[in-house]
Amino acid sequence: MEDSPAFITVTATDPSQHRRSQSNLSGASGGQPSDWNQDDNCSVSSNDFSGKELQPRRKRRSRISEKPNYSLNLWSIMKNCIGKELSKIPMPVNFNEPLSMLQRLTEDLEYHELLDKAARCENSLEQMCLVAAFSVSSYSTTVHRTAKPFNPLLGETYELDRLEEFGYRSLCEQVSHHPPAAAHHVVSQRGWSLWQEITIASKFRGKYLSIMPLGAIHLQFHASGNHYVWRKVTSTVHNIIVGKLWIDQSGDIDIVNHRTKETCQLKFSPYSYFSREVPRKVTGVVMDSDGQANYILSGTWDEKMESAKIVQSSRGSSSSEGKQKTVYQTLSPKLLWKKYPLPENAENMYYFSSLALTLNEEEDGVSITDSRLRPDQRLMEAGRWDEANAEKQRLEEKQRAVRRRREAEASRAIDEGEDFEGYKPLWFHQTTDEMTGENIFVYKGGYWEAKDRQDWSMCPEIF
């Protein structure tokens, strides 16, 4: 019980339902969750598809080639890896899934309708609940996804244009190779923009692998100007050497609305064999600018999140380990987000979600640097792994040759006392983030205009 949240929630009697109050010590509220009611300012139920059926939908694929059954001697590769930075070790595609890191980053948008709904919220604390549910939803795809995505090549891009279907356009670019960093920019006609730059730091610890995403995620709502910032938690892949691989998420996410100074603290409890808690549990508290708790959030990162409005709080009695817990009286919980079921036969298709199955679908008109055109990934998706491995080595050697040439030009410029401009990404430029004070890459524009003109002459030949 040592990781139990520092509060206890009790469902208050709701006069409209004449229900007996229930106490529940797990940190989640008692009673069955109802959806956000019509009397809230967010007037649409969760995971709502309103307006989407009206569009003539483009038929997207719902299956890919089944994963071939290749055996692999893991230890022969891993014994050379201990203590090293994983991005510097050449890995065969046998460890991969046929998507790049840029496509995995785009998968954060799977539950974009939570943001569409949050954009319609007039109450910023209710909006915060939906933003928190969105930040948790991006982990729901990871529970079975133990294969690693392809490391993008420097200058590789990935676009997801779902303007007609869902009102948003997304662009990712690999902006740095060491350390590997990707910049991402999304703008939605339904009232929000999201941008992030993620650098992955990973360490192999023998039995498990820690993956630490570094960098802030920014989300801004156009109508209110509410600007939310948060960071991702640590992912841990267990049983690297022996046994079945499994993934856990642990740590805290602090979401701040910089306009109103409202905050949300989410706690991802690490899995413990001895704990009586629900596995993969997430709990949280939404607080106003005075630090007063207004909502309790509870759920799991692989299934659903609920929120319950606090009507009263009091200092509780000291618990067995001496910590004093706050007792929150709440209304009955409401469902914010629920995970979509996996497609049929997903276990033979890398456990991809319905969105993930469409990400590598061939599409006309994309940039020549787009991940969909990457040959080793395309061969792997088709089940031709031996050819994919050969192609992967060719691409990585080509990238190393370009880097050696750039380093030689830099040292020659220094010898001759000239200025040398290092590598610059095509669609993003570096600037100081006024919210966090960090240097980040932000979208500078031009990509969608180049796509309209079908002019990719400025793009490097990376494949």
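**Figure 1. K232 sits over the ring of Y139.** In this predicted model, K232 lies over the face of Y139, at 5.7 Å from the ring centre. The two turn up together again in the lining of the second largest cavity, where both Y139 and K232 are listed. A second case of a charge over a ring involves R280, which lies over the face of W301 at 5.9 Å from the ring centre.

**Figure 2. The second largest cavity, with Y139 and K232 in its wall.** This void has a volume of about 70 Å³. Besides Y139 and K232, the lining is made up of D108, F134, S135, S138, L194, Q196, I217, W230 and I253. Which elements each supply at least two residues of this lining? Helix α4 (124-137) and strand β9 (192-204) do. Sorted by class, the wall has 6 nonpolar, 3 polar and 2 charged residues.

**Figure 3. The largest cavity, and what lies nearest its centre.** The whole structure has 2 cavities of 30 Å³ or more, and the largest holds about 80 Å³ of space. Its lining counts 14 residues, with S140, T141, K339, L342 and S353 lying nearest the centre. The lining splits into 6 nonpolar, 5 polar and 3 charged residues.

**Figure 4. Two aromatic pairs, one stacked and one edge-to-face.** A pair of aromatic rings is described by the distance of the centres and the angle of the planes. There are 15 aromatic pairs in the structure. In the pair F166 and Y168, the ring centres are 6.5 Å apart and the planes meet at 15 degrees, so this one is stacked. The other pair shown, Y273 and F274, is edge-to-face, with 5.5 Å from centre to centre and 85 degrees between the planes. Are the partners buried or exposed? F166 and Y168 are both buried, whereas Y273 and F274 are both exposed.

**Figure 5. An aromatic cluster with three Trp and one Tyr.** Here W427, Y447, W448 and W456 come together as one cluster. Among them, Y447 and W448 fall within helix α9 (447-453).

**Figure 6. E165 and R60 bridge parts far apart in sequence.** A search of the whole structure turns up 29 salt bridges. In the one shown here, the closest N and O atoms of E165 and R60 are 2.9 Å apart. E165 belongs to helix α5 (residues 163-166), while R60 is in the loop between β3 (34-35) and α1 (74-78), so the pair ties together parts that are 105 residues apart in sequence. Both ends are tucked away: E165 counts as buried at 8% relative accessibility, and R60 counts as buried at 15%. Zoom out a bit and the bridge is part of a network of salt bridges linking R60, R162, E165 and E363.

**Figure 7. Salt bridges along helix α8.** Two bridges within helix α8 (residues 385-415) make up this view. In one, the side chains of K392 and E396 meet at 3.0 Å, N to O. These two are 4 residues apart, so about one helical turn separates them. K392 is buried, at 8% relative accessibility, and E396 also counts as buried, at 19%; the cut-off for buried is under 20%. In the other bridge, R403 and E407 meet at 4.0 Å, N to O. The spacing is again 4 residues, or about one helical turn. This time the partners are partly exposed: R403 has a relative accessible area of 28%, and E407 comes in at 49%.

**Figure 8. A cis peptide bond between H178 and P179.** Omega is about -5 degrees for the bond joining these two residues. P179 has its place in the loop between β7 (168-176) and β8 (181-188).

**Figure 9. Positive phi at Y350 and Q454.** Y350 has phi near 60 degrees, a positive value in a residue other than glycine. It is found in the loop between β20 (334-338) and α6 (354-359). Q454 also has a positive phi, near 55 degrees, and lies in the segment after α9 (447-453). Which of these is buried and which is partly exposed? Y350 counts as buried, at 7% relative accessibility, while Q454 counts as partly exposed, at 44%.

Conventions: Residues numbered from 1 in each chain as written. Heavy atoms only, no water. Phe/Tyr/Trp six-rings, centres within 6.5 Å; stacked < 30°, edge-to-face > 60°. Buried < 20%, exposed > 50% of the residue type's maximum accessible area, 1.4 Å probe, protein only. Lys NZ or Arg CZ within 6 Å of the ring centre and 35° of its normal. 1 Å grid on protein atoms, 1.4 Å probe; cavity = no way out; pocket = protein on both sides within 12 Å on 5 of 7 lines; lining within 4 Å. Points joined across faces, edges and corners; volume = space filled by probe spheres on them. Nonpolar A, V, L, I, M, F, W, Y, C, P; charged D, E, K, R; others polar.
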